[in-house]
Structures are given as structure tokens and as C-alpha cells.
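Hi there,

Here is the structure I promised to pass on to you. Have a look at it first, and then read on for what turned up.

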Amino acid sequence: MANILKYSRNRCTSVEQVDDHTMRSTCRLQDTLTDAFVEIMVKLPDLEITGISGVIHRAYQEECLNPTDSLQKVIGVRIGPGMLKIIEGLIGEATDCKQLAFMVEECCHGVILSFTKDVLISSPRPTDADKAKEFYAQMVKENMRLYNRCAAFAPGSPIVEGIEPPVQ
Amino acid sequence: MLKFARNKIVSIEKKDQDTFMAHGILDDDIYSLEIDVSIRISDLEILKISGKWNRWTTPACPRAILFLEEAVGLCIKEKGFSQKVHKIIGRKACRHHANLLLECCSSAKEAAMLAKWEDIKAKNKDLSFRAFLRGALKDEPLPDPSDKVSAGEHIEIKDQGPYVAVKKEISGGMMIDLHVHTSPASPCSSAPVDQCIEEAKRVGLDGICLTDHNYVWEPGRVEDLREKHGFLVLRGNEITTDQGDMVVFGLDKNIQGIIKVEELRREVRRAGGFMIVAHPFRGFLTFGVGQLGLTPEKAMERPLFKLVDAVEVLNGKVTEKENDFASKVAGGIGLPATGGSDAHEVSEVGIYATQFSDTIKDENDLVEALKKGGYSPIAFRNQRGEAKR
């Protein structure tokens, strides 16, 4: 059997701004074993999850097939640092279906990345090395949590050259 | 119109009897990357990994590819696998590569399950996938109940003495770091408790609070620490609620998992304790709460602030802007403000602290002083010229 896939997965997360105060983030999963959809509604500016729904058409774990009650546990949670622990804790207590918590997290990451995109839209292209280095170095100086957060901002990277590491 | 979209695709083929090859693609409005992961089917160990960027942001992003190799040898079935990937690949390489790797690995795990069913079905043609799953899932190890957010109840502390127990004479007014994490009580800390206490002494603090995540220090053990070091060591707890982290004093109940903030409020009130909202405006890596349009006035409306006794406005793990924002909110509502380092490393102890006018000898005194008021958060190390070692 040449080159025939044993398994495939597609996951799509999309974020739209419904109105000035509301965002909708959806995560769709289609893979060999699972067909699932989760949608969250998020209130601005707090990024509070105000609504959530999900449908699982196909899953190999029976506990995943009725997600509604478990998903409601995250209503009121705010998207932000520490949210993964909260989401996994709240949904994990209600169900053994790990995919549900992951899909909610993906929806939340989508929202965060949509704001990151807004910040980066005005950033220089990486090929414009000097300007890009200056842009991202300034970002690190304004938020030292970025320092050593990934390879691009780790000691040895040109971006953090000359930047004093946070108190260590 | 979409504001943002991310697509991920994972394809898994069987290279040979015991090897899967997973190819993953992540393509979103900001990034585009691919990885290839070779995984041994029998034990789900990562054998080989390579990656490439198609679109990236900073000129240094390509450095991440060199660190992907650190995933080799990790076992997908192992407890804590995804935390390891976040810590090793997410931090050393790139969080987006880590996200895609986890997607590939969870797909491989399911593909391995399918492969096992196919092998058994070759000998037992009537075995449906559902019937196979019932048997397979029955054999899966139960989740370890101690694998929760805290380190558990019984932590062995390796004595790193000897220590000079110099009893400090305090007369009125004390500076105490209200928020410190120690290892191993807090899994995220690398600061042994004895070293934290010695550091607090070294920098001139009058006391230190052990506020480990969802961990209740036994009174006897903390008393021993006080004796051993001749220093004021107080018990606290940082508890994760659905509305974020709370630093709590005067509550001895061991709370695990995520608790609703209203429920924690009831528990703290019943115990006569004190609840401080920790780093309430800790923002994001690339943008702050200002970009979301959140103003102090709007933030003050959060129901959370009706449930807490104080606000941590100086925290060592957030930016100056985030601390300022918390300070404005606390001031606007009229809630007392506190300071604490949120130290996870020894050298972070005392970055921020709280200055009390009262003398505090134990947790009861601390709770009394917190309820009474008349204290303020301070940038302790800066004041002492100890900004850097």
C-alpha cells in the first residue's frame, strides 16, 4: 500500500469581530476519528467568554458526544494568561473528553492571535533586518516577559543583544 | 469578515511496520510553518523531527528550527508529555512549532490506536472498532489524581543548612514579601524554600510569605523554618479560581483544581481569612489591556472586585504598566493595595513587598494587619538599591 495516508486531520480556527463589543471564535476539527465544532462568544474589552456552544458529530470517545454541559463551565472565564489551567480544570472536572478543552483553548488562542496580528501589521518585514530588529527589541524592552520566551528572544539572538535580562 | 484564521493539517503515513511519518502544516494570518516527525508506533517515541518556516515575523525566528531536535526521545504516551513539549519546544524553539508538534503527536496517538485495531482485526475479522475501543480504553491507565495543579500534600524538603538563626528585633513597621513560590511545593518554581528565606534575610526584609500554588503548608513545618532561620516565615496560599489567581491568608483548607471565586470568597470569610487578587491585569506578550480598550473605569466594574479584600498592585511578574493599571483600579474602588515579588527564583525574592505599620509575629497578626489597613506596597529592592545582583 504505497503512500496512502493512515490518518489525516484538519483543524480550522477563525475569529470575527461581530460588533464593537463582541468577537466570535470558532474551531472546527475534521479528522479520521472526530468531527467537532466549538464556538465561543467573547465580550470586549474584558475578553470574557459570554457564550459557548459545540457540536460533536463523530467521536471515538462516547463522553465527547454530548459537550453542551461541560462547555458551559467556561462561561465567565476571561481569555488571558493562566486561562489554559482554568479551562482545562473546569472542563476536565466535567468530562474526560480532552478534545473539548483543546478546542476551547484553540478558540481562545485565535482571539489572542487576532490582536497580535493587529500589533504586527505595522511591523517591518523580517528581511528588513535592522528595522525589524529595532521593532522587536523595543517590544522586549516594553515587556520583559518576552525575554527568553522563544528562540527569537533568547540570549544569543540579535534582537536581545544589549538588552539586560530581567532580574535572575 | 474574518479577523483571523488559522489552518492546521496533519497527515500520517506508515513508513514501515513500526514507524509513522507525520507531516504537519500550520498556516495562519501571521505564521506559516511545517514539520515532519518520525514516530515509533510501538511506544510512540519521537525518533526524528525537522521543520521549516514559510512565513515568520522576526528576523531571528529561523533560529527556532535548530531547537526542534530537543523533542527527539520524548514519548507521546508519557505523563506530562504536552507540558514537556510546551516547556522544551515552546520555550526554546517556538510556541507555534510546539502547537503543531502537539497536533501531529495527538494525531499519531490516534493513528496508532487505529493501527492496533487493524492488526487485531486481521486475526479477528468481526471485531468492530467500537468493540476494540471498549477493550482498549478499559486498559488505559486512570488519570493520576495527584497530577493536578498542585504539587501535592507531602513535599520533602532537603535541608540546605546550616543557617545562622539571628532573631531580628523588630519595633513597629515591617516589610514583608507577601507572594513567594518555592520548590518543590510550586512546580513552576526553582527556588528552594531555605534559600528563599536566606535571600529575604540578606536583602533586609522582615518577613516572607510562602504562597505556593494550591498548597497548604503545615503549621509545624513553617514553625520549624522560622526556628531554623530565625526569621519570620508566614503561611499563605495562591489559589486558582475561574477569575484568576488569589493570594489567600488565614485559610487552612486544601483546595485543589479550579474553584469558583464566589465559593472561595465564602470559604475565606468562614475561616476569617483575607483574599487578595493577584496580578489582576497581567497582559499578553505582544499587547496590553490598553489595546483591548480596557480602561481602569471599565475594569472597576468587574464583579470580582466586590469579592476580594485587596488588590496586588506591585507584582514582580508583570510590567510597570500592568502594575500601574492595577493601582488605578484599586484606588478607584477604594480597595487596599499590596505588593509581592511573585518570586519563582531566589534572586526575585523581595523585588516588591508590603510595608506594614504594625508588628507581625504570625499569620493571625498578618490577617489582622491586612484587615486593619495602614499598609502600602513598596518596590523593596529598588529602595534598597538591590535592583540587580
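Let me start with a single residue, keeping in mind that this is a predicted model. Setting aside neighbours within four places in sequence, B:Ile176 is in contact with B:Leu205, B:Asp206, B:Gly207, B:Ile208, B:Cys209, B:Ala353, B:Thr354, B:Phe356 and B:Ile360. That residue also belongs to the largest nonpolar core, which has 66 residues. Within that core, B:Ile176, B:Cys196, B:Ile208, B:Met246, B:Ile276 and B:Val311 touch the most other members. Strand S5 of chain B (residues 174-180) supplies the largest share of the core, 5 residues. There is also a second, separate core of 43 residues, and its members include A:Leu146, A:Cys150, B:Leu33 and B:Ile46.

Next, a sheet in chain B. Five strands make up an open sheet with mixed pairing, in the order S8-S9-S10-S11-S12. Its edges are strand S8 (237-241) and strand S12 (337-340), each of which pairs on one side only. On average, and ignoring direction, neighbouring strands here are turned by 40° against each other. If you want a pair to zoom in on, try strand S10 (residues 274-277) and strand S11 (residues 310-315) of chain B, which pair in the parallel sense over 2 bridges. B:Ile276 has B:Ala310 as its bridge partner in S11(B), and B:Ile276 is also among the core residues named above. Helix H10 of chain B (residues 363-372) lies across S9 (244-249), S10 and S11 of chain B, and runs at about 115° to S9(B).

Now for the place where the two chains meet. Here 60 residues of chain A are in contact with 62 residues of chain B. On the chain A side, strand S1 (7-19), helix H2 (83-94), helix H3 (98-120) and helix H4 (129-142) each supply at least two residues. Which of these elements gives the most to that side? The answer is S1(A), with 11 residues. Sorted by class, the side of chain A that touches chain B has 30 nonpolar, 18 polar and 12 charged residues.

S1(A) also pairs across the chains: 10 bridges join S1(A) to strand S1 of chain B (residues 2-16), and the two strands run antiparallel. To find this pairing on screen, you could begin at A:Thr13, whose bridge partner in S1(B) is B:Arg6.

Happy browsing, and do send me any questions.

Best wishes

Terms used
Residues numbered from 1 in each chain as written. Chains lettered and ligands numbered in written order. Predicted model: local features only at pLDDT ≥ 70, side-chain atom pairs only at ≥ 80, totals over all residues. Contact = placed C-beta atoms within 7 Å. Helix = DSSP H or I, 4+ residues; strand = E, 2+ residues; numbered from the N terminus. Nonpolar A, V, L, I, M, F, W, Y, C, P; charged D, E, K, R; others polar. Pairing = 2+ DSSP bridges. Axes fitted to C-alpha atoms, helices over the stretch in contact; angles between N-to-C directions. Core = buried A, V, L, I, M, F, W, Y, C linked by C-beta atoms within 7 Å. Buried ≥ 20, exposed ≤ 12 C-beta atoms within 10 Å, placed from the backbone.
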